[in-house]
Structures are given as C-alpha cells and as structure tokens.
Amino acid sequence: MTFSATDHRAMARALQLAARGLETTTPNPRVGCVLLREGEIVGEGWHRRAGEAHAEIEALKMAGDAARGATAYVTLEPCAHHGRTPPCAEALIRAGIARVVAAMEDPNPLVAGRGMALLREAGIPAASGLMAAEAHELNIGFVSRMTRGRPWLRLKAASTLDGKTALNNGVSQWITGEAARRDGHRWRARACAVLTGIGTVRADDPQLNVRAVPCERQPQRILIDAQLDVSLSAKILQDGKCLVAAAVADEAKVAALAARGVEVVVLPDAAGKVDLPALMRELGRRGFNEIHAEAGFRLNGALLREGCVDEIVLYMAPMLTGDAAQGLFNLPELSALDKAIRLDLRDVQRIGGDLRLIARPLPA
C-alpha cells in the first residue's frame with residue numbers, strides 16, 4: 001500500500017494527539033485520530049483515560065455531519081469489541097467515513113484485525129502500516145503486554161563516566177544534575193508503575209513519585225522485598241499506593257502492611273528470592289504496560305540476568321569516582337567477551353551537563 005504525503009501529514013498529527021495521553025491512558029493504549037475531508041481537518045481527538053471516549057469518538061464528535069465522506073487516520077486499529085465503551089469501528093461506519101488508515105493493527109486478541117475487517121465488510125477501504133514504527137514505540141508497553149503477557153520494563157540509572165552509581169559509603173546524591181533528574185521524572189510520569197528494591201529503600205528512603213514535572217496521575221509503586229524487611233515508616237508506603245513483592249508470607253507483617261493499604265504478593269523462586277519473571281507476568285495480568293525501575297546495582301543485575309529488562313535509560317555525569325565506588329550492575333565475572341550482554345544503542349543526548357543513553361539488550 002502506497003500512502004501519499006497528505007496521508008503522512010495527517011497521521012503525524014494523529015500521533016501528536018495520541019502522545020497527549022502519554023501519562024494518563026493506562027491500562028489502555030495511547031491513540032489519536034484525525035478526520036480529513038477535502039484536505040481539511042474536520043475533526044480530531046485523542047484517548048485521555050480508561051473509561052472515557054476513544055480517540056475516534058472524540059474526533060467524530062468534533063466533526064459532526066462533516067465526518068461523512070472523510071478519511072479517518074487512527075494511530076491504532078479501531079476497536080471492534082464492547083469494552084467500557086462501544087466499538088469504534090461501528091461508530092466510524094455509522095458516521096459515513098469513506099476511508100480508514102491505521103498506523104498499526106491492534107495486538108489485543110479481542111481486536112487483532114477484526115476492526116479493519118468490520119470496516120471492509122461495510123465497504124470502507126481500510127489500510128494499516130502508515131508510520132507503524134512510530135505508533136509501535138508510542139505504545140510499546142501495551143504491545144508488550146498483549147503479545148508477551150508482561151509489561152515493558154525500562155531501567156533508569158545514573159552513573160559517573162566510569163560507571164559508578166554511588167561512593168563506597170553509599171553517598172549518591174547527586175551524581176547527575178538537575179536537568180537529568182527532571183528528565184528522569186518525565187520517564188517516571190509515563191510509566192504505569194515505578195519499581196525499586198529494599199536496598200534502595202533502606203539506603204535512600206525514596207518517595208518514588210513524580211515531583212519535578214507536572215503529572216496528572218501518579219504511577220503505582222512496586223517494592224521488591226523478599227523477606228518483608230521494609231519499615232512501616234518508609235516513605236514509599238505512606239499513601240498505600242504500593243505493591244510489595246515478597247518471597248515469604250509473614251502473616252503479621254502482611255497484616256500490618258494491609259492496614260496501611262499496601263498489598264503483598266508472594267512469589268518465591270527456588271533460591272528464596274522474589275521470582276522476577278513471575279512478577280513481570282503478574283504485573284502484566286494486572287494491566288501494567290510500562291514499568292520504570294530505579295534500583296541499586298544488585299537488583300539491576302538480577303533484572304538483567306533474569307531477562308526482565310527491555311530498555312536502559314542511563315544518565316552519565318562527567319566525573320570519575322574510582323574503583324572502590326559502587327557499580328551499575330551486579331553481574332557475574334565473564335571469561336569471554338561473547339558472553340557479554342550486548343546492547344542496541346538507540347539514542348544519545350546531552351541533558352544539561354550530563355549524557356543520556358537509551359539502549360536495549362539484544363537477544364543472546
């Protein structure tokens with residue numbers, strides 16, 4: 001299928017609209033829609049949050065009667081099933097839309113091509129694949145959950161140029177500058193949940209919320225605490241919006257946490273630690289699309305070793321702290337370079353006085 005320059009401009013606008021829901025649509029995908037008639041935009045909209053109108057409905061509402069004969073550009077295939085809202089494919093048909101262009105098909109098994117098929121059965125030309133890569137990146141967590149049954153885990157870390165995250169005495173605030181820390185909060189804001197380990201809570205007692213940038217919806221917090229050692233006064237627990245993953249079911253501690261509104265899920269592995277892949281599957285089952293991990297080098301290493309890390313966002317400060325300082329990842333010693341974890345470097349930017357690298361582990 002060949003798409004015109006007009007098609008590309010309209011879909012680019014739809015993607016811009018979809019990105020407005022970056023922080024709010026969870027567990028739903030981020031979707032934008034543009035209605036174009038005779039070269040003019042007659043309607044546009046985006047999905048704001050679960051339970052509210054989908055992007056197509058918002059665009060149809062804006063267009064009114066002008067939707068008849070228009071082309072609909074949607075960043076994700078229109079839904080064909082009844083969820084919290086009626087099927088968008090049927091709404092487009094009733095409105096008299098003449099053509100539909102979707103950036104990508106919906107990976108949700110409840111849709112998975114059915115929306116496009118419904119449109120074609122109604123005699124409406126429907127095609128997908130326009131700017132599909134951009135649409136996929138926008139909803140990479142939703143795609144991960146629908147196709148792999150687990151969220152997309154993005155691990156954020158800050159280090160010196162020689163790969164150190166803290167001094168040997170534990171001091172780490174602040175390695176990077178204010179601009180990098182603010183950028184890190186933007187990544188937190190788009191995530192469904194922020195994950196850390198008990199070591200970080202003991203050392204830093206972090207809030208793990210979004211503070212440095214505007215945020216309509218604070219992400220859930222997840223604490224990996226195998227032995228349920230967390231202090232009940234820890235900041236991460238204070239508003240009850242925390243899920244604790246443990247390896248033991250200490251009834252007294254579970255009850256004390258429950259009294260503060262904190263849920264505990266017990267997922268032990270054979271070594272008596274938290275089964276990290278099982279936790280990822282559980283988070284997928286609960287509807288989490290993107291997880292933002294900020295942890296110490298032990299949990300960072302465990303997440304990597306267990307194949308749970310999909311993306312690394314690393315801020316590197318122009319300073320050197322020496323061999324005795326704490327490293328980024330607790331990984332076993334290698335005897336050959338072909339055993340190293342290889343990364344696909346996706347982006348490098350300067351953020352204030354620091355560097356930000358975005359990389360994804362390559363298949364072994």
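**Entry 1. Salt bridges**

I count a salt bridge where a side-chain nitrogen of Lys or Arg lies within 4 Å of a carboxyl oxygen of Asp or Glu. The model I am reading is predicted.

With that criterion I looked first at E294 and K156, whose side chains meet in a salt bridge at 3.9 Å, N to O. The pair links distant parts of the chain, 138 residues apart: E294 is in the loop between strand 12 (290-293) and helix 11 (297-305), and K156 is in strand 6 (residues 152-160). I noted that both E294 and K156 are buried.

I then followed salt bridges that share partners. They join R30, E137, R154, R190, E290, E311, D344, R346 and R360 into one network. A search of the whole structure returned 27 salt bridges.

I looked up R99 next and found a salt bridge to D7, with the closest N and O atoms 3.1 Å apart. R99 belongs to strand 4 (residues 99-102) and D7 to helix 1 (residues 5-18), so this pair ties together parts that are 92 residues apart in sequence. I checked the exposure of each partner: R99 is partly exposed, at a relative accessible area of 25%, whereas D7 is buried, at 4%.

**Entry 2. Helix 2 and its surroundings**

I recorded a further salt bridge between E58 and K61, their closest N and O atoms being 3.9 Å apart. Both residues lie in helix 2 (residues 55-63), and their spacing of three residues is about one turn of the helix. An α-helix has 3.6 residues a turn, so residues three or four places apart point the same way. K61 is exposed, with a relative accessible area of 60%, while E58 is among the buried residues of helix 2.

Which residues of helix 2 are buried? I listed A55, E56, E58, A59, L60 and A63. I then asked what covers the buried residues of helix 2. The cover includes strand 1 (32-37), strand 2 (40-46), strand 3 (71-74) and helix 3 (88-94). Just after helix 2, I found G64 with a positive phi of about 60°.

**Entry 3. Backbone geometry**

I kept a general expectation in mind here: most residues other than glycine have a negative phi, and most peptide bonds are trans.

I found a cis peptide bond joining T26 and P27, with omega about 5°. P27 is placed in the loop between helix 1 and strand 1.

I noted M131 as a residue other than glycine with a positive phi, near 60°. M131 sits in the loop between strand 5 (126-128) and helix 5 (132-138). Is M131 buried or exposed? M131 has a relative accessible area of 19%, and the cut-off for buried is under 20%, so M131 counts as buried.

L208 also drew my attention, as its phi is near 55°, a positive value in a residue other than glycine. I located L208 in the loop between helix 8 (198-204) and strand 9 (220-224). L208 is buried, with a relative accessible area of 3%.

**Entry 4. Surroundings of V262**

I looked up V262 in the loop between helix 9 (251-259) and strand 11 (263-266). V262 counts as buried at 3% relative accessibility. What is V262 in contact with, leaving aside its neighbours within four places in sequence? I recorded L237, G240, C242, V244 and L257. One of these, L237, is 25 residues from V262 along the chain, and the C-alpha atoms of the two are separated by 7.0 Å.

**Entry 5. Aromatic rings**

I searched for aromatic pairs and found zero in the structure. I did find arginines placed over tryptophan rings. R48 lies over the face of W46, at 3.9 Å from the ring centre. R181 lies over the face of W174, at 4.5 Å from the ring centre.

**Entry 6. A nonpolar surface patch**

I closed with the surface. L331, I341 and L343 make a nonpolar patch of about 240 Å². I placed L343 in strand 15 (residues 343-351). L343 is partly exposed, with a relative accessible area of 44%; a patch residue needs over 30%, so L343 passes that cut-off.

Definitions and conventions: Residues numbered from 1 in each chain as written. Predicted model: local features only at pLDDT ≥ 70, side-chain atom pairs only at ≥ 80, totals over all residues. Heavy atoms only, no water. Patch = residues over 30% accessible without salt bridge, like charges linked within 9 Å, V, L, I, M, F, W, Y side chains within 5 Å. Areas by Shrake-Rupley, 256 points an atom, 1.4 Å probe, with all protein chains shown as cover. Helix = DSSP H or I, 4+ residues; strand = E, 2+ residues; numbered from the N terminus. Buried < 20%, exposed > 50% of the residue type's maximum accessible area, 1.4 Å probe, protein only. Contact = heavy atoms within 4.5 Å. Phe/Tyr/Trp six-rings, centres within 6.5 Å; stacked < 30°, edge-to-face > 60°. Lys NZ or Arg CZ within 6 Å of the ring centre and 35° of its normal.
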